[in-house]
Amino acid sequence: MDCAKPAGIFQFSVVDELIHQSEEEFKPVPFPFELPKFEGTVNFGAEMKAKHFYLNESWTFLNHGAFGSAIKEGLKSSEMWREYCEQQPLKFMDREVFQHLIHGLRKLARFVDADPADIVFVQNATTGINAVVRSLVKKFQPGDSILMIDVAYGTVKLVIEDATRGTGITINEIKLPIPVTSPQEIVKLIEKSLQPSTKLAVLDHIPSNLAFIMPIKKLVDVCHERGVQVLVDGAHCLGSMKISMRELGADYYAANGHKWLCSPKGTAFLYVARSHQHMIHPPVISWGFGHGFTSEFSWIASMDYTPYLSFLTVLDFWDHYGQDKMIKYMYDTSKEAGQLLCEAWQTSLVADISMCGPMAVVKLPEGVVPHSANLSPPYSDPAAHAVMNILHFQYKIEVPVRVINGELYVRISAHVYNELGEFKVLADAILAIVKNNRTTQ
Ligand SMILES: Cc1ncc(COP(=O)(O)O)c(C=O)c1O
């Protein structure tokens with residue numbers, strides 16, 4: 001490989017230069033050690049789990065959507081970079097880390113079909129969303145409004161509420177009808193909810209609680225026709241679907257690596273359309289400030305940058321097994337599992353099955369809440385927690401139980417390490433709980 005010379009003491013102008021180089025111009029600095037490699041393949045399901053994940057065999061783990069689970073090689077990669085850093089911290093932090101970070105960013109940009117200069121690493125989707133909302137609110141006027149959907153992630157709502165407090169900017173929270181029957185229904189709802197005052201729409205690509213795939217491209221287009229900028233919360237979408245920043249054309253997009261991509265915790269990216277980059281600043285201001293979008297986000301003061309470098313390894317995992325095949329397995333498994341649970345419990349899904357990706361939300365049967373909890377419908381969180389606790393402690397099943405309109409649902413996740421049989425274990429456990437509740441009445 002034709003490689004650049006290692007950089008001298010780092011200057012922020014180098015970041016700008018390296019990120020704007022073309023594919024042909026960019027000469028990566030050689031890695032200081034050999035990164036973990038992927039050789040041979042195994043079947044999806046239990047074999048995949050044993051080879052690439054630390055997940056404990058004794059658990060039925062159906063909640064990848066919460067905090068993900070990192071692949072062994074990604075964690076190893078991060079650890080190797082960390083050990084390397086500590087051999088000569090100044091050499092690494094002052095002269096080398098930026099070159100490798102830019103290399104990683106460029107590799108990730110290819111994966112999400114973005115210009116490398118339009119994405120930056122952030123520690124999590126929440127940080128990216130904070131950066132966008134807090135920066136924009138400073139530019140908005142009293143009387144302007146921000147549209148969000150009632151199913152927006154809780155912390156996203158908190159960010160919007162906190163950033164707008166005392167500014168005269170209003171929040172227009174839209175209620176999504178449940179069950180969700182078609183993508184068109186959502187597009188119409190958003191279309192009619194946009195007002196002349198709406199400056200920003202904050203929309204999930206996959207909402208956490210309902211876990212179906214939003215018709216996000218249509219929603220972005222509808223908002224743009226009305227002159228409204230769109231911030232997409234894609235926390236669940238990196239790895240779980242093919243995403244193209246170029247095709248989507250959103251103004252802002254935040255997505256986690258530590259969920260479906262299976263990279264170590266503290267890995268995410270933020271996309272900002274080129275024309276808006278001058279307005280968006282990181283929540284933590286440090287030495288990169290004033291040196292341009294990439295520089296500002298590249299140096300968030302002294303911290304551990306090695307999780308970001310693990311993208312260099314984790315993306316090889318996806319190349320090795322093939323993203324299309326992995327996505328197909330996840331979607332097929334989640335759909336089959338959703339149907340299996342609906343049949344076993346004689347219930348239904350929260351969104352039409354055609355809209356499900358790697359997760360599905362299934363209604364629980366009646367009689368699942370233990371009488372000892374002394375709770376009756378309409379349910380709230382304590383009932384959900386009671387059922388989750390029984391599944392966790394008595395059955396070693398990890399799955400979230402959620403309350404939607406006073407009723408209880410489970411959100412199942414299917415990653416490449418899950419198998420249909422695990423969902424059968426969940427189906428049977430819930431039926432056993434219902435039976436037990438009946439007999440102890
Ligand atoms: C839709 C959605 N947005 C944002 C987040 C926040 O992710 P993080 O805590 O990694 O920032 C989550 C986490 O589950 C989520 O589901």
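Select residues 145–149, 154–164 and 170–174 of this predicted model, which are strand β3, helix α7 and strand β4. Followed in that order, β3, α7 and β4 form a β-α-β unit that is right-handed. With the helix hidden for a moment, the two strands can be seen to pair in the parallel sense, with 5 bridges between β3 and β4. To find one rung of this pairing, label I149, whose bridge partner in β4 is I174.

Stay with β3 and add residues 198–204, which make up strand β5. Here too the pairing is parallel, this time over 4 bridges, and S145 is the residue that stands opposite T198 of β5. Is β3 enclosed or open to the outside? Of its 5 residues, 4 are buried, so the strand is largely enclosed by the rest of the structure.

**Widening the view to the sheet**

Now show the other strands that belong with these, and read across them in the order β2-β8-β7-β6-β5-β3-β4, which is an open sheet of 7 strands with mixed pairing. The edges are taken by β2 (residues 119–122) and by β4, and because each has a single partner strand, one side of each is left without a neighbour in the sheet. Looking along the sheet, one finds a twist that averages 20° from one strand to the next. Strands of a sheet pair through backbone hydrogen bonds, either parallel or antiparallel.

For an antiparallel pair within this sheet, select 252–256 and 268–272, that is β7 and β8, which are joined by 5 bridges. Label N256 in β7 and, opposite this residue, A268 in β8.

**The ligand**

Centre next on the ligand and display the residues around it, of which there are 13, with N124, T126, Y153, S208 and A235 coming nearest. Helix α6 (residues 125–137) and helix α7, the latter already met in the β-α-β unit, are the elements that give two or more residues to this shell. Coloured by class, the shell shows 5 nonpolar, 6 polar and 2 charged residues.

**Two cis peptide bonds**

Most residues other than glycine have a negative phi, and most peptide bonds are trans. The next stops depart from that pattern, and they are best viewed with the backbone atoms drawn as sticks. Go to I178 and P179, where the connecting peptide bond is cis, with omega near 0°; P179 is found in the loop between β4 and α8, the helix of residues 183–193. Then move to P377 and P378, which are also joined by a cis peptide bond, with omega of about -5°. The loop that holds P378 runs between β9 (359–363) and α15 (381–395).

**Two residues with positive phi**

Select Q346, which is not a glycine and yet has a positive phi of about 55°, and which sits in the loop between α14 (323–345) and β9. How many other C-beta atoms lie within 10 Å of Q346? The count is 9, and because 12 or fewer is the limit for an exposed residue, Q346 is exposed.

K396 is the second stop of this kind, with a positive phi near 55° in a residue other than glycine. K396 belongs to the loop between α15 and β10 (397–398). With 14 other C-beta atoms within 10 Å, K396 is partly exposed.

**The three-stranded sheet**

Next, display β9 together with β11 and β12, which form an open sheet of 3 strands in the order β9-β12-β11, with antiparallel pairing. Its edge strands are β9 and β11 (401–404), each of which pairs on one side only. Neighbouring strands of this sheet are turned against each other by 35° on average, direction ignored. Zoom in on β11 and β12 (residues 407–413), an antiparallel pair joined by 4 bridges, and label R402, which stands opposite Y409 of β12.

**Stepping back**

Finally, show the whole protein chain, whose secondary structure comes to 16 helices and 12 strands. Along the principal axes, its C-alpha atoms fill a box of roughly 75 × 55 × 35 Å. The chain has a radius of gyration of 23 Å, which agrees with the value near 22 Å that a compact globule of 441 residues would have. Of those 441 residues, 45% count as buried.

Definitions and conventions. Residues are numbered from 1 along each chain as its sequence is written. This is a predicted model: local features need pLDDT of at least 70, side-chain atom pairs count only at pLDDT 80 or more; totals for chains, interfaces and linings use all residues. A residue is buried if 20 or more other C-beta atoms lie within 10 Å of its own, exposed if 12 or fewer, and partly exposed in between; C-beta atoms are placed from the backbone. Two strands pair if DSSP finds at least two bridges between them. A crossover is right-handed if, with the strands pointing away from the viewer, the path from the first strand over the helix to the second runs clockwise. A residue is near a molecule or strand if its C-beta atom, placed from the backbone, lies within 6 Å of it. Ala, Val, Leu, Ile, Met, Phe, Trp, Tyr, Cys and Pro count as nonpolar, Asp, Glu, Lys and Arg as charged, and the others, Gly among them, as polar. Axes are lines fitted to C-alpha atoms, for helices over the stretch in contact, and angles run from 0 to 180 degrees between N-to-C directions. The radius of gyration is taken over C-alpha atoms; the globule rule is 2.2 Å times the number of residues to the power 0.38.
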